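Hi everyone, thanks for coming. Let me put the structure up on the screen, and then we can walk through a few spots together.

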Amino acid sequence: MPASVIVDALWGDSGKGKACAYLSRKYDAALAVRAGIGTNAGASVTLESGELIKARQLPTGWLNPRTRVAVGSGVLVDPRVFRDEVQRFGIGDRAMVDRRCAVITEQHIADELADDHLASRVGSTCTGNGHARADFILRRAQQARELPELEPYLTDVAAEVNRVAADADQLVIIESSQGTMLSLALSDDYPYTTSGNCTTASALNDVGLNWRHLSEVIMVVKAMPSRVGEGPLPYEISAAEAERRGISEYGVNTGRLRRKAIALDHDLLRYAAMVNGPTQIALTFGDHLDPRIRGARSTAAIGPQVRRVIAEVESATGAPVTLLDTGPRLDDMIELA
Ligand code: IMP
């Protein structure tokens with residue numbers, strides 16, 4: 001079991017963090033690595049105890065105490081967020097950051113908040129990621145290796161991820177961020193995108209993994225998709241309608257009300273499958289589709305409506321739905337394969 005990548009088919013906020021935590025535990029992963037843009041991502045997981053965990057920088061694989069966690073060199077690192085998560089989650093020396101990561105400064109965040117184009121037109125999370133990436137591309141950003149406070153965590157994540165993935169007995173899980181349809185250069189919605197691509201190939205690039213080590217691509221499909229910020233959202237419903245149905249959602253980072261759709265666009269799913277090459281699908285937020293399934297753990301609970309969506313997703317993506325998420329808790333999951 002060398003390496004598995006978790007990517008999102010659509011606009012993010014789909015439960016990649018939950019999938020990463022779930023799979024890290026199930027397969028006792030040796031290493032979980034964050035790919036994707038940076039701290040604009042927000043992962044949330046509700047533990048079996050009811051405790052809600054929110055993370056923006058580190059992959060949620062740390063929930064398995066035997067899993068080490070790392071941030072790949074292509075991911076922007078905010079040292080305040082990184083250290084806060086290491087301390088808050090008690091990760092200690094299981095945490096690593098690539099020494100070449102570009103650094104998000106408080107100035108980047110201030111610049112983004114004052115950037116009317118990003119803040120108002122694009123609907124950016126204003127977490128400094130776009131401005132930090134621009135500085136990196138212009139070769140004037142700081143790198144993680146320049147910050148004394150990150151010194152204890154610095155490593156060559158690309159070397160580590162390839163070393164672990166080369167061992168047939170160890171699993172590496174790569175947790176991507178955002179979603180395929182927010183990709184800078186692969187979404188048709190520019191400028192309503194994030195500041196890089198969010199696909200399988202970009203995740204490999206973000207962490208420096210040799211593609212030969214990749215064995216599984218788990219593409220997360222949110223059964224009733226959501227979008228934050230501007231840009232098209234097929235089958236969008238009003239905030240009032242989402243409220244009436246009990247499926248309203250708020251952003252982990254920004255607290256913003258997420259725009260919500262009532263159905264999946266099969267053309268977009270086909271496109272996402274074409275560029276990501278999924279070997280499996282995790283269908284998440286199944287309880288938004290059918291509230292009666294909430295918290296279910298057995299296939300017996302799957303009614304005709306959810307079965308129909310599973311069949312449609314499998315037909316559009318050409319990959320089997322192996323995980324069905326049935327609620328916010330980590331163990332609210334049905335395994336289908
Ligand atoms: P930025 O990457 O923070 O500048 O945001 C650009 C666009 O991507 C905005 O529409 C954001 O709402 C969206 N976006 C960025 N990160 C996420 C995420 O983790 N989930 C969902 N949308 C995101």
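**Aromatic pairs**

Let's start with phenylalanine 82, which counts as buried because its relative accessibility is 0%; buried means under 20% relative accessible area, exposed over 50% and partly exposed in between, with a 1.4 Å probe and protein chains only. Before going on, a word on the source: this is a predicted model, where local features need pLDDT of at least 70, side-chain atom pairs count only at pLDDT 80 or more, and totals for chains, interfaces and linings use all residues. Residues are numbered from 1 along each chain as its sequence is written, and side-chain values use heavy atoms, leaving out hydrogens and water.

Tyrosine 153 is buried too, with a relative accessible area of 14%.

How many aromatic pairs are there? Rings of Phe, Tyr and Trp (its six-membered ring) pair if their centres lie within 6.5 Å; planes under 30 degrees apart count as stacked, over 60 as edge-to-face and the rest as tilted. By this rule, the count is 2.

In one pair, the ring centres of tryptophan 62 and phenylalanine 89 are 4.4 Å apart and the planes lie at 10 degrees, so these rings are stacked. Both tryptophan 62 and phenylalanine 89 are buried. Then we have phenylalanine 82 and tyrosine 153: their ring centres are 5.2 Å apart with planes at 70 degrees, so this pair is edge-to-face. That pair links distant parts of the chain, 71 residues apart, with phenylalanine 82 in helix H2 (helices are DSSP runs of H or I, at least four residues, and strands are runs of E, at least two, numbered from the N terminus).
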